[in-house]
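This report describes selected buried polar residues, nonpolar cores and helix packing in one protein model.

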Amino acid sequence: MRTDRLVAVLLMLQRREQVTAAEVARELEVSERTARRDLDALAMAGVPLYSTQGRGGGWRLVGGSRTDLSGLTAGETRALFLVAGPASAATPTVKAALRKLVQALPEPFRAQAEAAASSLVMDPRRWGSNRVELRPPPFLDALQDAVIRGVQVRLGYVDGKGAETRRTVHPLGIVAKGPVWYLVCHTETGRRTFRIDRVRSADATHDPVHRPEDFDLAASWHEIADEIDRRRTPFEVQAVCAPHGIGILRIGFGDRLEIGGTKADGRIDVVIRGYDEHTIAGELAGLVEWLEVTGPPAVRDHLVSIGNALVERYG
């Protein structure tokens, strides 16, 4: 707590031309004697601080100097405070910390930093989606704290089928995928990923996390995401696409699209992943102007059935 108070006193000195021991005591809710000791401690630690006695006296930084605790440039400051804005996906604790940090900035940076915090709106919903209010999951802060401190957690969790389990995990990192937060862990059965909105309890222990020396959260998440995508869309369709249709496929299928070589007639080989043969046939039926499915035969048969049904209804 002493270190926290000393930093708070220094921030007060940066915000104001002069402070008194009584003002420090009142703002930090300590005695005037403690406030004077803290001011003396800052001076002894080398902070350019001096006091004036008598009426109107107090403590000042030498030459009215302003110590920039952050060391940030103006551009870095603006970028940082984009994270603190009301539309940010940052947790309330992170936002509160960043808003306090702005008070440590030199005066020329402060106005732009505060403006940056309100300059951006992030709407993660796609057009036409439900207007669901997105809030950070309840145990996000507790799990992030466990990751930072490097301690194991007793986790209560409900899986996608509604089964509830309890286990001890080694938190390695947290990832936000769109509006969903995930906890990446090491467990007795290897690396696992848990949706944080399904966590029902998170009790930190005093046991240290066993973290692989070569663990990289970003690289690990790329592997996890690729694996999940493959499991969600295991069925592959081969096709050829007209060159001017590739952009349509990119928009419609994203990472589920793999683009191959160009044929003699100018069309391009593609592979498209889907959930199953029936579902992907429905996705491809409206792309006949650009796309010709070459396999598997079952998908071509589904497309014929869809075409016949359309002719029967609308022909």
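Buried means under 20% relative accessible area, exposed means over 50%, and partly exposed lies in between, with a 1.4 Å probe and protein chains only. The model is predicted: local features need pLDDT of at least 70, side-chain atom pairs count only at pLDDT 80 or more, and totals for chains, interfaces and linings use all residues. Residues are numbered from 1 along each chain as its sequence is written, and side-chain values use heavy atoms, with hydrogens and water left out.

**Buried polar residues**

Thr233 has a relative accessible area of 11% and is therefore buried. Thr233 sits in the loop between helix H8 (217–232) and strand S8; helices (H or I, at least four residues) and strands (E, at least two) are DSSP runs numbered from the N terminus. Leaving aside neighbours within four places in sequence, Thr233 is in contact (heavy atoms within 4.5 Å) with Arg256, Arg273, Gly274 and Tyr275.

Gln152 belongs to strand S3 (residues 151–158) and counts as buried because its relative accessibility is 10%. Beyond four places in sequence, its contacts include Thr168, Val169, His170, Asp203 and Val209. The C-alpha atoms of Gln152 and Val169 are 5.7 Å apart, although 17 residues separate the two along the chain.

Thr187, in strand S5 (residues 180–187), is also buried, at 7% relative accessibility. Not counting residues up to four places away in sequence, Thr187 touches Val169, Arg192 and Phe194.

The table lists polar contacts of these side chains. A polar contact is a pair of N or O atoms within 3.5 Å; within protein, one must be able to donate a hydrogen and the other to accept it, and residues adjacent in sequence count only if both atoms are side-chain atoms.

| Side chain | Partner | Distance |
|---|---|---|
| Gln152 | Pro208 backbone oxygen | 2.9 Å |
| Thr233 | Asp229 backbone oxygen | 2.7 Å |
| Thr233 | Arg273 side chain | 3.2 Å |
| Thr187 | Thr189 side chain | 3.1 Å |
| Thr187 | Gly190 backbone oxygen | 2.8 Å |

**Nonpolar cores**

A nonpolar core is a set of buried Ala, Val, Leu, Ile, Met, Phe, Trp, Tyr and Cys residues joined through side-chain atoms within 4.5 Å. The largest one has 17 residues, and those with the most contacts inside it are Leu249, Phe253, Val270, Ile272, Leu284 and Leu291. At least two residues of this core come from each of strand S8 (235–241), helix H9 (246–253), strand S10 (268–274), helix H10 (277–284) and strand S11 (291–295). A second, separate core of 16 residues includes Ala21, Leu39, Trp59 and Leu61.

Ile272 touches residues including Phe235, Val237, Phe253, Leu257, Ile280, Leu284 and Leu291, not counting those up to four places away in sequence.

**Helix packing**

Two packed helices are described by the angle between their axes and the distance between the axes. Axes are lines fitted to C-alpha atoms, for helices over the stretch in contact, and angles run from 0 to 180 degrees between N-to-C directions. Angles under 35 degrees count as roughly parallel, over 145 as roughly antiparallel, 65 to 115 as roughly perpendicular and the rest as oblique.

Helix H2 (residues 21–28) packs against helix H3 (residues 32–44) at about 110°, with the axes 8 Å apart. H2 is therefore roughly perpendicular to H3. In this pair, Ala21, Ala22, Val24 and Ala25 of H2 meet Glu32, Ala35, Arg36 and Leu39 of H3.

The axes of H10 and helix H11 (residues 297–314) come within 9 Å and cross at roughly 55°, so the two helices are oblique to each other. Residues of H10 that meet H11 include Glu277, Ile280 and Leu284, and among their counterparts in H11 are Ala298, Leu303 and Ile306.
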